[in-house]
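Got your viewer ready? Load the structure below and follow along, one selection at a time.

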Amino acid sequence: MPSGRVEESGYDVFVIGAGQAGIPLAHALAKAGKRVALAERKDVGGSCVNFGCTPTKAAIASARVAHKARSGALYGLRIPAVEVDFPAVLDRARSILMRSRTGLRRDLERTGNPRLIEGHARLEGRDRQGFRVRVGNRRFRSRAVVLDTGTRTLVPDVPGLGQIDFLHAGNWLDRPELPEHVVFLGAGYIALEMGQFYRRMGSRVTILERSTSLLKREDEDVTSALQAVLESEGIAFRLGARVTRVARRGKRVTIEVAGGGHVRGTHLFVATGRQPNTDDLGLSSVGLRRRRDGTIPVDRRLRTSVRGLWAAGDIRGGAMFTHAAWDDFRILESQMLGDGSRTTARIVPYAVYTDPELGRVGMTEREAVAARRRIRVGTFPMRSNGKAIELGETGGFIKVVVDARTDRILGAAVLSVEGAELVHLYVDLMNAKAPWTALRDALHVHPTLAEAAQSAVLALE
């Protein structure tokens with residue numbers, strides 16, 4: 001064995017990636033008496049803690065306060081000016097993420113099991129003694145391996161983009177300069193949330209999208225309503241815009257669009273998707289092949305085709321959400337320590353944290369029609385909800401799709417203030433396999449936003 005390398009055997013499970021699935025799984029396995037190693041090449045907590053959910057929602061909260069302060073006259077308040085201290089906004093978001101990251105790291109360092117190993121880990125084969133894993137100049141052996149390595153920004157193949165110092169989901173928090181005019185490539189969750197954030201901070205915002213609609217999975221009435229809200233705040237959209245080249249000229253970035261024309265801004269934010277961090281894991285050394293998009297094929301129990309090798313979080317394909325990754329931990333815990341009954345046969349809700357928020361679960365109306373389901377659709381505008389009127393938050397509407405034969409809820413879209421919270425009324429009914437009439441017959445407190453969720457199903461009658 002080469003000098004300086006140490007061989008460590010005897011691990012029951014080696015977890016690669018300290019994300020939302022990897023960390024709780026490592027603790028659960030260790031508590032059950034397994035010897036566990038947890039490798040992380042950068043910061044514990046995954047994308048959620050370090051640049052995603054935690055700091056973005058903190059920053060969005062600051063933007064919302066600024067927006068409400070500017071609207072003070074609507075509430076009978078005289079607020080002469082709102083000054084944005086952009087570095088302070090980022091500092092607040094960073095302090096919240098650091099609190100979370102530090103707490104996770106402290107819990108891992110408190111005990112030798114699970115053992116936190118810092119560095120990039122990759123597989124180096126498998127034999128009768130188990131998997132060989134290398135981290136830096138150290139080598140380890142483990143009977144089982146769990147991959148939870150997450151994703152990074154997918155950079156499109158656009159001429160000139162490689163010469164641009166662009167913003168993206170992984171670095172926005174490290175840029176204390178408020179952009180004068182930020183141009184987004186893509187109109188997905190990240191672009192809409194961060195676009196509204198920068199606009200409310202004081203930037204001009206333009207969003208370019210290759211397709212003819214934003215949030216391609218959603219129904220057109222939902223996306224049209226959300227687009228109208230964002231446009232009312234001054235965000236410009238150019239849909240059906242295929243970017244052909246980008247270039248920086250002085251302090252400006254020029255984005256050329258197919259068919260002629262261009263957009264100029266001071267900053268470019270790339271938000272065109274996510275790329276799985278699976279290209280340097282040594283998967284071929286154990287005979288595992290990735291899908292074309294870089295994700296790792298798994299079954300409903302998160303098992304790969306290689307015995308003893310599991311994959312969790314965004315890299316396993318499907319729903320790329322923090323809460324789905326955390327539920328992957330529960331699936332793996334069930335498989336490794338429990339009765340194995342928990343699988344990916346689950347209902348996965350999600351939200352877009354614009355203002356108003358879009359809470360979503362299940363099938364869209366378009367998907368239900370394409371699946372040839374007999375459906376009924378109920379809608380309710382938030383402008384008719386008493387609490388929304390009193391809050392001055394009447395934007396959006398609620399839409400519920402119901403199976404006409406079984407009366408079960410197939411899906412819901414809640415475009416509303418606190419939409420990410422309200423959608424759980426439908427999530428819980430769907431998990432309970434309860435009919436929509438259970439919500440119809442309930443008694444809700446008045447005045448509440450939850451009454452609007454009930455009014456949407458009353459519209460079915």
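Here is a short tour with three stops in this predicted model.

**Stop one: strand S6.** Select residues 138-147, which make up strand S6. Most of this strand is covered, with 7 of its 10 residues buried. Now add residues 130-135 to bring up strand S5, which pairs with S6 in the antiparallel sense over 5 bridges. At the turn end of your selection, look for Val135, which stands opposite Arg138 in S6. The hairpin has 2 residues between its strands, and Gly136 there takes a positive phi near 65°.

Keep S6 on screen and add residues 309-311. That is strand S16, which runs parallel to S6 and is joined to it by 3 bridges. To see how they line up, label Val145 and Leu309: Val145 stands opposite Leu309 in S16.

**Stop two: Gln227.** Jump to residues 220-232, helix H6, and pick out Gln227 within that helix. Is Gln227 buried or exposed? Its relative accessibility is 17%, so Gln227 counts as buried, the cut-off being under 20%. Show its surroundings too: leaving aside residues up to four places away in sequence, Gln227 touches Leu214, Phe237 and Leu239.

**Stop three: helix H13.** Select residues 450-458 for helix H13, where 7 of the 9 residues are buried, so the helix is largely enclosed by the rest of the structure. Colour the buried set: Glu451, Ala452, Ala453, Gln454, Ser455, Ala456 and Val457. What do these buried residues pack against? Turn on strand S19 (375-381), strand S20 (397-403), helix H11 (424-431) and helix H12 (437-440), and you have the packing partners.

Methods. Residues numbered from 1 in each chain as written. Predicted model: local features only at pLDDT ≥ 70, side-chain atom pairs only at ≥ 80, totals over all residues. Heavy atoms only, no water. Buried < 20%, exposed > 50% of the residue type's maximum accessible area, 1.4 Å probe, protein only. Helix = DSSP H or I, 4+ residues; strand = E, 2+ residues; numbered from the N terminus. Pairing = 2+ DSSP bridges. Contact = heavy atoms within 4.5 Å.
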